[in-house]
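I am opening a fresh page for this chain. My plan is to look up a few helices, their packing and their charged pairs.

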Amino acid sequence: MTDVADASALTQKLGVDIDPELLSLALTHRSYAYEHGQGPHNERLEFLGDSVLGQAVTVHLFLQHPELEEGQLAKRRAGVVSTVALAEVARGLGLGSFVRLGRGEQLTGGDDKDSILADTMEALIGATFLSAGQEAATALVLRLVEPLLDDPDRYGAAIDPKTSLQELAASLGAQPPTYRLTADGPDHARTFRATVTVGGIQTVGDGTSKKQAEMAAALDAWHRLSGRA
């Protein structure tokens, strides 16, 4: 479990001042709350952060890319705000080590699950909005997603990493990717691990579904094969 005091390192990485109580709440997953008497958790902040994130990215893309049609703008926005993309941003911050999780989630690798990382990222954006206002929250969003905004090829990879990896492999003259899946844990809390082999590299992805695990492995492979790792 991470204390709020320990999470000061996270706010330094984010470059924002977040109210300690809101920071604690943003880092509290529902599994932790349920194990400690049905206390508050971060899903309301996640709801707010999702809205702030979407607006910030939409306005930025609209103003910065007058040459793009509505469909192209929508595609880019979807890539930037996707679970896979947000989880990538979260891993860059080392966010998993700060999240409060219930024991079950801890045992099944919840600190590295795309869904938990992305949801917590949105909750932190919501907490920033409430602590420092819309301008600060918007600035935080744009700092976090800048690598994605500056690299259009990542949009497709974030939205559909398996297809993007297959297309990249074909363009490089490599054999199509092959996937191997393993599962662990009881039926009600099963986790999956996918191993993808392509172009002489092998990467691993984890998730709470086969699709999620394969997408995580494919995105990692795409980054490495495209030289963006």
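**Entry 1: the α8/α9 packing**

I began with α8 and helix α9 (residues 134–149), which pack with their axes 7 Å apart, at an angle of about 150°. I keep in mind that this is a predicted model. Angles over 145 degrees count as roughly antiparallel. I therefore logged α8 and α9 as roughly antiparallel to each other.

Next I listed who touches whom. From α8, the contact takes in Met 121, Ile 125, Thr 128, Phe 129 and Ala 132. From α9, I noted Gln 134, Ala 136, Ala 137, Leu 140, Val 141 and Leu 144. I then sorted this contact by class: nine residues are nonpolar, two are polar and none is charged.

**Entry 2: α8 itself**

I checked the length of helix α8, which covers residues 114–132. How far should its 19 residues span? At 1.5 Å a residue, I expect 27 Å. The end C-alpha atoms are 27 Å apart, so the expectation and the model agree.

I then looked just past the helix. Gly 133 follows α8, and its phi is positive, near 100°.

**Entry 3: salt bridges**

I counted salt bridges over the model and got eight. I followed up three of them by residue.

I took Asp 112 as my starting point. Which residue does Asp 112 pair with? Its partner is Arg 91, with the closest N and O atoms 2.7 Å apart. This pair links distant parts of the chain, 21 residues apart. Asp 112 sits in the loop between α7 (103–107) and α8, while Arg 91 belongs to helix α6 (residues 83–93).

Arg 91 also forms a salt bridge with Asp 114, at 2.5 Å from N to O. Here too the link is between distant parts of the chain: Arg 91 in helix α6 and Asp 114 in helix α8 are 23 residues apart.

I wanted the exposure of each partner. Is Asp 114 buried or exposed? It counts as buried, because its relative accessibility is 3% and the cut-off for buried is under 20%. Asp 112 comes out at 33% relative accessibility, so I marked it partly exposed. Arg 91 is at 37%, so it counts as partly exposed.

The third bridge joins the side chains of Glu 105 and Lys 113, at 2.7 Å from N to O. I found both Glu 105 and Lys 113 buried. Going back to the shared partners, I drew Arg 91, Asp 112 and Asp 114 as one network of salt bridges.

**Entry 4: Ile 159**

I moved on to helix α10 (residues 153–159), where Ile 159 is found. Its relative accessible area is 35%, so I call Ile 159 partly exposed. What does Ile 159 touch, leaving out residues up to four places away in sequence? I found Lys 75, Ala 78, Gly 79 and Met 215.

I also took one distance. Ile 159 and Phe 62 lie 97 residues apart in sequence, and their C-alpha atoms are 19 Å apart in space.

**Entry 5: Glu 167**

My last stop was helix α11 (residues 161–171), which holds Glu 167. Is Glu 167 buried or exposed? Its relative accessible area is 53%, so Glu 167 is exposed. I closed with the separation from Ala 123, which is 44 residues from Glu 167 along the chain. Their C-alpha atoms are separated by 34 Å.

Key
Residues are numbered from 1 along each chain as its sequence is written. This is a predicted model: local features need pLDDT of at least 70, side-chain atom pairs count only at pLDDT 80 or more; totals for chains, interfaces and linings use all residues. Side-chain values use heavy atoms; hydrogens and water are left out. Helices (H or I, at least four residues) and strands (E, at least two) are DSSP runs, numbered from the N terminus. The expected span of a helix is 1.5 Å times one less than its number of residues. A salt bridge is a side-chain nitrogen of Lys or Arg within 4 Å of a carboxyl oxygen of Asp or Glu. Buried means under 20% relative accessible area, exposed over 50%, partly exposed in between (1.4 Å probe, protein chains only). Axes are lines fitted to C-alpha atoms, for helices over the stretch in contact, and angles run from 0 to 180 degrees between N-to-C directions. Angles under 35 degrees count as roughly parallel, over 145 as roughly antiparallel, 65 to 115 as roughly perpendicular and the rest as oblique. Contact means heavy atoms within 4.5 Å. Ala, Val, Leu, Ile, Met, Phe, Trp, Tyr, Cys and Pro count as nonpolar, Asp, Glu, Lys and Arg as charged, and the others, Gly among them, as polar.
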